[in-house]
Structures are given as C-alpha cells and as structure tokens.
Amino acid sequence: MTLGGSDLPSPADRPDEPRVGVDDWVASHESREERKRGLVGVAARMWALLPPVGRLGVFVIPAGFLPLVMSQSNLARYAIYTLVFALMGLGLNVVVGYAGLLDLGYIAFVGFGAYGYGILASSQFGRHWQAELAIPVVALFTAFIGLLVGLPSRRLVGDYLAIVTLFFGQAFVLFVNNANRISFPHFGHVDLTGGSNGLANIDPLNFFGYKVHTTTQYFYVLLAAFALVAAALYFANESRTGRAWRALREDPLAAEVMTVPVNRLKLLAFAFGAGIAGFTGAIYGSVQTGAFPGDYDIGLLITIYAVVILGGTGSIAGVALGAIVINCVPELLRSQQNASWLFYGLILIVILMRVRPWHRCLAFLAGLLAFGFAVHALAAASWPRLTAAHPRGGGSLKGPLEHWVLLPSHPVKIADFAYVVLIAAILLVTRLDGWRRLLALVPTLYLAAMVWENLLIQQTAGATRLILLGALLVGLMNARPQGLLGTPRVEIV
Amino acid sequence: MNWSLFFDLTVSGLTLGSVYALIALGYSMVYGILKLLNFAHGDVYMIGAFIGWYALHALGGPVSPSVSAWIAVAAMFVAALIGCGLLGVVIERFAYRPLRNAPRIAPLISALGVSFFLQNSALLLFGAAFRNYQSYDLIGSRTFSFGNLYFGTPQILTVSGALVLMVVLTVIVARTTVGKAMRATSYDREAAAMMGIDVDRVISVTFFLGSALAGAAGVMFGLVFGQVYHYMGFIAGLKGFTAAVIGGIGSIPGAMLGGLIVGLGESYSTGYLPQGSTFQNLYVFALLIAVILVRPSGLLGKAAIKKV
Amino acid sequence: MSERPRLLELTNVSKAFGGLQVIVNLDLHVGEGEIVSVIGPNGAGKTTLFNLITGIFEPDEGDILLGGTSIVGLEPHQITNRGVARTFQTLRLFLNMTVKENVMAAQYGRTKATVFESMLRLPRARREEREINRLAEEKLGFFGQRLMGYRWEQPAYSLSYANRRRLEIARAMATEPRILLLDEPAAGMNPAETHEITELIGKLREEGGYTILVIEHDMHVVEGISDRVIALDHGVKIAEGTFEECATDERVIEAYLGLRSADTK
C-alpha cells in the first residue's frame, strides 16, 4: 500500500516538484478566492479592506450631513423612519439571521418598548422618567419578556416556533387594544394602554435634563443609536457567542455535541433581539409621541422582515441597505407623479439591463411602443370609451401616455379584470424563455402599464405598496434568497 | 346552569369547528407532504368567500336569484371549490415549487409574501367594505333540532357540508391510487419519486384538495356569519392552523378533531370565560400553547423519530 | 495486556426505539490510551451506541461511566465538556462557516467570556479570542498543509470530501476531549486516503494522547489501528478481542456473510 501521491508517475524532468492536482500542490499554491467581476467586484474588494470602524463610518458620516441638505419633513419621512426600521431590523437580525429562529411575533417586542416607555414617561400615569433611566429599564424588561416567550419555544422546531410567536404577536395587539378596560382586584379599573386609541402624549426624550424636540435632534439620536447597536452587534457576531449562534443555525444537533448549549443560546438570542426591539420601541414611541396598537401588527412585521431579508439575513450592512430601500421607495411612491416615474423608469432600466445585445433591446422597445400605439388607435376607433380618460401622474409623460395606454372612462371593472389577467400573464412569462419570453413580454408590459394607470396608481399609499411588498418577498425568495448583501448559503435539506 | 346558553354555544361551536376543520385539513395535508406551513392558506379561504359572493351576484343576488336558491348555493360552492383549488395549485407552482430544495426559511417567507399579496390584492380589487351574503334572504332560516341542539339552516348546511367533504377526502386518501400516492409522498418524498410516483402531480393534487376545502369553508362562513372582508383570512387561518397543530399536524382525523376543539373552545370561552368575547383569540392561543407543551406532536399526531 | 484505567465504561446498556430493540444488554469499556474499534454489519446499532454515549439519546437501562462518573441524563454539550468528542457518519459540518470558524465554534464550552464582554471588547474576551484562534490553528495544523493558510477563511462547503472529514476531526479535537469517538472516519475514501487515515489515527494517539473509539467497516483500517476490536450484531456484542480473534470468530463471519447452507454450494 503506497502513500497518496507516490502512485502517480512523476514528470520526467521535475521529479521533486509536487504534482498538479495533488492536494499539497493545491494547498501550497496561491490563495484561491472568489472574485467578482467589474464594478461590483472592485467595490466588494474595497469594502473588505476597510476595518469595521471604517465600514460603519461609510454609512454614518455621510448620513450625519443629511440634516444640512434635507428639509425637516423630508428628514422625518425618509431619514428618521429609515433609521427606525434599520434598528428594528438589527434586532430581528439577531434572532433570524444569527440564530436562524423564525420569530413572527417580533414586532410585539417593539410594541412593548413603546408602550413601556409610554407608561414611564407620559401623562398616562403622570410619570415622567428621564430617558437615560427609562430606556434601559424598558429594554431590559422587554428582554425579559423575550426570554419568557423563548422558554416554551425551546422545544419547538422552526415551523412551530413561527406559529407560536405569531400568536404571541397577535395576543399582544389584542391585549393593548383592550387593556383600557381591565379591572385589577386591588387597584380597580386601570387604563394601561389607552385601548384602541393608543397611548398618547408620550414625552419627548429627556437625556439628563436635555430635551430632544426638533426633528434634527431626533435624527442624531437615532443615528447614534444605530451606530451603537450596529457596532455592538458586529462584535457580538465575531465573538464566541456569535459563532455559537451561527453554529446553532447551521446544525443544532452538531452544535450541541460540539459544546454549544443550544437551548440556552436560543433563549439568549430571543432575549437579545427583544431587548434591541424594546430599546428601539422606546425611541419610536417618543418619535411618534404615542403608541398605537395598529402600529405593532402584522403590517410592520412584514415590513421589517422585508428589510432584513432584502438586505440579506446575517448582514448588518444589509439591514441598513434594506431599510433604505424599503422605507424610501414607498415614500417616493406617495406622490403619484414620482410613482409613475419610478414605475416606468424601473421597467425601462430592467429592460436595458437584461435585454442584450443593444439592437435586440431597441427592437423590443420599438415593438412595445408600436404595439401600444396600435392597440390604442384601434381601441379609440372602435370603442371610444376605452380611451376617454386622462392619465393621472406622469407629469411630462402625460402627453405621450395619453396616446399609448388604454384609459377607459369607467376603469374599475376593466382594471380589476385586467389585474387578474396581468398576474396570469406575468406568471406565464416566467415560464418562457428566449424570444418567446420577449414576445410575451410585450403585451404583458402593456397590460401592466394599463393596470398601473387605472388601478394601482390610485392606491400608492395603501394597497399597492403592500402588494408590491408581498410580491417582492416571493420574487426575492425565488431569485435571490440571500438578499442583496448576503452570501449564498449551502444547506443540506 | 343555563342549559339553553350551553346548547346555543355548542351549536355555534360545532358550526365554527366545521369551518376550522376544513381549513385545518388543508394545512395538515400540505404540511404532511411538504413540511411547509402554508401561511397563504387562510387567504385562499378568504378568496373562496369572495368567489361565493361574486358567484351569487352573477346569478342575480341573494334577494332574487335567477335560479332557485339551492341551485345558487350549489353554484357558489362549486365555484369556490374549483376556483380556490386552482388558486392553490397556481400558488404552489409559482411560489413553493421553485423553493423545494431551498433552506426551510425560504418557502415560509414566500408564503408570507403570497399571503400579503392576496390580502392586499383583495383590498385593491374588492375594496375595504364588508360584503354581506344576506343568506337570510337567500335560503331563509328554518330551525332543525337534534335533541336540545337547535341549528339554523345555514348552520346545518355548514356542519353537514363539512362532514360530507371530510368523508369524501378520507375516501380519496384511503381508497384511491392518488390517495395512496399522497400518503407515500408524505412519508418519504424521494423514495416515492423512485417508485414511479409523479411527486409534482401529487403535490399539486394535495394543494388542489386542501385549497378547495378552504374555499368551501369560506362560502360556509359567509352563509353562517354573513360578512366577508379582505382581512378575514388572517385570523381564520391562524385558528385553522391551531386546529391542525392541536389535532396533530399531518394527520387528517387530527385536523377534524382539532377543528372541533378549537371551534367549541372559542365558543365556550365567549360564553363562560371572563371577557370572553374580546379575548377569545387569546384563549385559543393559550389552548395551543398548553397542547404543544404537553404533547408536542398534537393529540392524534405521531412523534417522528429522526435517524441521526 | 495490563489493565489500563477504564476511561469509558458501559454496563448493561439497552435501548429500544418503538418496538425495535437496537442495543441489548451491552457491556463495553475503553481503557485510557487505547484504540478500540467497533465493527458489525449495518443496523447493528453502532451509531446508536455513539448517540447514547454522547447523550443524544438516553439508555433505557444500564449506565455509562466516564472516568468513573455516570454521564447518563446529561445534556450532550455537558458530556462533551467532560471530555467526549465525536465525528458523524454522515458529515455534519457547519458548512456556511469558514474552516477556522468551525474549529473555533467547538471551543465554546472551554471559554467563558459573555456576549457583553465581547461587545465591549473587555480584556478577558480578547484574551480568550486569541487563545481560541491559536488552538484552532494548532488543531488544523495536525493535518499538514491541507487545512492551513488561505484555507482558514474558506467556507467549509468549498472543501473536498476528504478534507471535510479531516475538518470534522479537527473540530472534535478542538473540544480538548479525553476520548474521541470516530464514526466511520474512512467512509468514502480511496485506498490512498484510507491509508492516511490509518496513520492519522495512530498519530492522534501518539501525539495527541487521545483515547479513541472507532466505528469502521474497512477491515484494513481496523487491522491497522486497533488494540482491541468489539463486534456487534443486532445490538448484541458477539465478539471481543484482538483483530485476529474477531476476524476468525464464527459468529462474526456469520453476521457479515451469513450461515453456510447446503443450498449455496
């Protein structure tokens, strides 16, 4: 029996060198790395060279200049809420990203923080604690609640955990909606949470006597909070606890056998995530000067999940990016004009990027325009009511749109029907390839424009946003489950 | 002891329980075969309720339908059964099948996305206003009595309809080739594929059946309780899932039993427990936690022994 | 052979799953510094034996002693902390973590820094982190150049099969155990790699000082490493002794090859 390597014939002229393909040669050769090409690759390499402090700085320092360039109301809508979402996402990231536990009641912990802070610092009970005391107390209390919720969950495998936590979240909303009518045996009637009207008049943050009341000040408080939490989580992830969490996520059984006390770490993850949620909730309650039951329901939960998943579970930078996208895009969509530009612009960009080479792309665009004009002309000639109305948003696009898109005078029924047909068409397009796909895409895009102009654009603040969010989640899982900045995971099923 | 209240609550509980049992069956079957929690299931139920409403109005509406009332009801059911069945198949095909080999969290998130998408599409298309089945106008309400239990027409329709559907499902699963294939796939998907079973088709059939049942449940709910709205699938879905877990997820008789337990539990808690009507969902939740802690695999479920 | 102190001892251990009796009244011991092999046809209960020792299952009857103290009823991570480490028949690495992180993760039980100390970068946390790094590199160095250098930062799923097996052993070693349980370490390896594993196991005892309990099918490996061999069939010990004694034992031959019957002639 001979040792590996000496079975292979050695090249006649180089008997002493290790052989290609033999493990030692591979090991001693230059390092082998995955390098992404092009601009993305350069950015990735530069990013990897930055020390952690630098990476945080890349986000925080430019952000610090925002109040100088944005109006107060824009600052509130875009920047402050982005930071709030990012903070919530960081906490969720600990539970879902690091430890791999699907917690669908997470948003209740944020609610605990908000209501808790409200109980300690509002006119509800007449207590006005200062922030440096109230916030840690609330955060710790919420962490404790997270621990309690985690206790029955120790025995539960992923799916069951999801359901139990979902129920807990619903229980919380139910509770705060009705907690203004509880009678305690000794204290009599107590209004804990203001019921469905919520807890109003929460104090502004009060740090050591210094009151935070302008938007800019709140922005800086949130920015500092984000930087602090992000840094803390980064170090936590690199520590033995972070490795233990990741091991637990990978393979709980193997982790347990490799000295990781799995149950204890699950509880720790829950408590940690809940603590961060409570902390964020307290600040959030103060920003909104109130805590309202509807805020802590499934809508916000899905939003924060989208933030974490879009950015890439387990990645702190991903959470920041996800928060920026998930908050700012719908805000942009609120104005119908912006929304239209965004809609058509996005479609155009995707076409330009995905349809190659350039002559094919041009042919496609030309075909799309021609198709539209043709259909429009045909419709105008035969059923004038189909083209009678005017496009809503669009601004300078209004003119050409009027002649391209079908705009019936009574859009409701047709648009509803078109919506369903559109969904079917989109699903069909995903099943086709090559030129067939391009061909099918023409009427599909035209239909999409029609549905947009007649139906979706009216609800950009409400249903449309949420529809897109749901579709985003489904599409993301199909196309890029690791999110924008996550690393593709290998899993043994 | 107010017996008439008790019997009223029992009737109500049985009716609700039948609805929940039908929803739970869909959850249980899908989980048994794919180990997937189909969060979108509750919204399929909601779509079923709306399909029923639209079918009714296509036939002239509850007050003066163009066909006899019972044919209208049958048409509503058929439309919901087929429509939701197809919807379930489409959802599986596009949101779950591509993720069959992805990490477990991916189809769950996808399911959440589908749920959200359906809910808000319904909001977009149907508006936020509640639709009313006006079943009193449609089928009236005679009282049927079994001993001390008094059922109104929609309620007896629900309970008996659910029973019929459950019997049909049990027969399909236990006696037909497709049913056998479904059971085989739920035990070991790979082995089933290697034995010549078209796993994709079997899974599609499972989704069709489960979703069809949910659709029927939606119509039943509409007939009994009157109001349908875009958000109704969420809580009903949760309770249906609770029922599936309590009964033992993956077990068909378990889903039926669980449905009854949840329905009766909810009903009795509104009557007997403090502030029951507001907090009924909380009590159901507590029931779920209790069952999971005491018997994690549910009442009729089998604890799976994994080979390490 | 002189009687070494018994590091691991199983007395009258039985385990059943449902109605299936997997291990029946098993007595087994491993002396300190010994290399003992467990052989037997598939389904004989060998991996269940490992699962019982490491605390994944609890025996229905009988006792398991480590260094004289009973470890029955302890949680797996507690048992590992007491000095029992194992590898898995089907590899169970932390695939999405880097090679080095796999080995570092296994040192959780040996270290004490809390997450808060790590977040604040307190001295104890930093000190322990350096130590964890050093030990990981040391254990990985056991395998030559294969798992060294740039390989440290590679995700574990990028490793070849043989390297994954080595990584699993390195990870087990990082828990600083007294006894190593290796479950089919040579499974799926070609003759050259098998020979390397044989040498490696010997090296583990010589240089690492580990006591080793091995489950193996490849008789070349068993022959090359074992001080003692134990044969199991249907959960029952059917032979024990040196390799020669077991290999020629009638019951062992029957378990592997079946009874000689007139019809097969």
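**View 1. Two domains make up the assignment for chain A.** Domain bounds come from an automatic or database domain assignment. The model shown here is predicted. In chain A, the assignment gives domain 1 (51-334) and domain 2 (338-460). Their centres, taken over C-alpha atoms, lie 40 Å apart.

**View 2. Chain B touches chain A.** On this contact, 38 residues of chain B meet 39 residues of chain A. Four helices of chain B each give two or more residues to the side that touches chain A: helix 3 (69-96), helix 4 (105-126), helix 10 (232-247) and helix 12 (276-294). Look for helix 4 of chain B, which supplies the largest share, 15 residues. Nonpolar residues number 30 on this side of chain B. Polar residues number seven, and one residue is charged.

**View 3. Chain C also touches chain A.** Here 40 residues come from chain C and 32 residues from chain A. Five helices of chain C each supply at least two residues to the side that touches chain A. They are helix 2 (76-81), helix 3 (99-105), helix 4 (115-119), helix 5 (123-141) and helix 7 (191-206). The largest share, five residues, belongs to helix 7 of chain C. By class, this side of chain C has 19 nonpolar, 12 polar and nine charged residues.

**View 4. Two helices of chain B cross.** Helix 7 (residues 177-187) of chain B packs against helix 9 (residues 199-225) of chain B. The angle is about 105°, and the axes are 10 Å apart. Angles of 65 to 115 degrees count as roughly perpendicular, so helix 7 and helix 9 of chain B are roughly perpendicular to each other. Helix 7 of chain B contributes B:Val178, B:Ala181, B:Met182 and B:Thr185 to the contact. Helix 9 of chain B contributes B:Val199, B:Val202, B:Val205 and B:Thr206. Six of these contact residues are nonpolar, two are polar and none is charged.

**View 5. A hairpin in chain B.** Strand 2 (residues 143-146) and strand 3 (residues 149-152) of chain B pair in the antiparallel sense over four bridges. Find B:Phe146, then its bridge partner in strand 3 of chain B, B:Leu149. Two residues lie between the strands of this hairpin. In the turn, B:Gly147 has a positive phi of about 60°.

**View 6. Prediction confidence along chain B.** The mean pLDDT of chain B is 87. Of its residues, 97% reach 70 or more. Among the elements of chain B, helix 9 has the highest mean pLDDT, 94. Helix 5 (residues 135-139) of chain B has the lowest, 76.

**View 7. An open sheet in chain C.** Six strands of chain C form an open sheet in the order 6-7-8-3-9-10, with mixed pairing. Strand 6 (84-86) and strand 10 (236-241) of chain C stand at the edges. Each has a single partner strand, so one side of each is left without a neighbour in the sheet. From one strand to the next, the twist averages 20°.

**View 8. Inside the sheet of chain C, and the helix across it.** Strand 7 (residues 179-183) and strand 8 (residues 211-215) of chain C run parallel, joined by five bridges. One pair to pick out is C:Leu181 with its bridge partner C:Leu213 in strand 8 of chain C. Helix 1 (residues 46-53) of chain C lies across strand 3 (35-39), strand 6, strand 7, strand 8 and strand 9 (228-233) of chain C. This helix runs at about 150° to strand 7 of chain C.

Definitions and conventions: Residues are numbered from 1 along each chain as its sequence is written. Chains are lettered from A and ligands numbered from 1 in the order in which they are written. This is a predicted model: local features need pLDDT of at least 70, side-chain atom pairs count only at pLDDT 80 or more; totals for chains, interfaces and linings use all residues. Axes are lines fitted to C-alpha atoms, for helices over the stretch in contact, and angles run from 0 to 180 degrees between N-to-C directions. Angles under 35 degrees count as roughly parallel, over 145 as roughly antiparallel, 65 to 115 as roughly perpendicular and the rest as oblique. Two residues are in contact if their C-beta atoms, placed from the backbone, lie within 7 Å. Ala, Val, Leu, Ile, Met, Phe, Trp, Tyr, Cys and Pro count as nonpolar, Asp, Glu, Lys and Arg as charged, and the others, Gly among them, as polar. pLDDT is the predictor's confidence in each residue, from 0 to 100. Two strands pair if DSSP finds at least two bridges between them.
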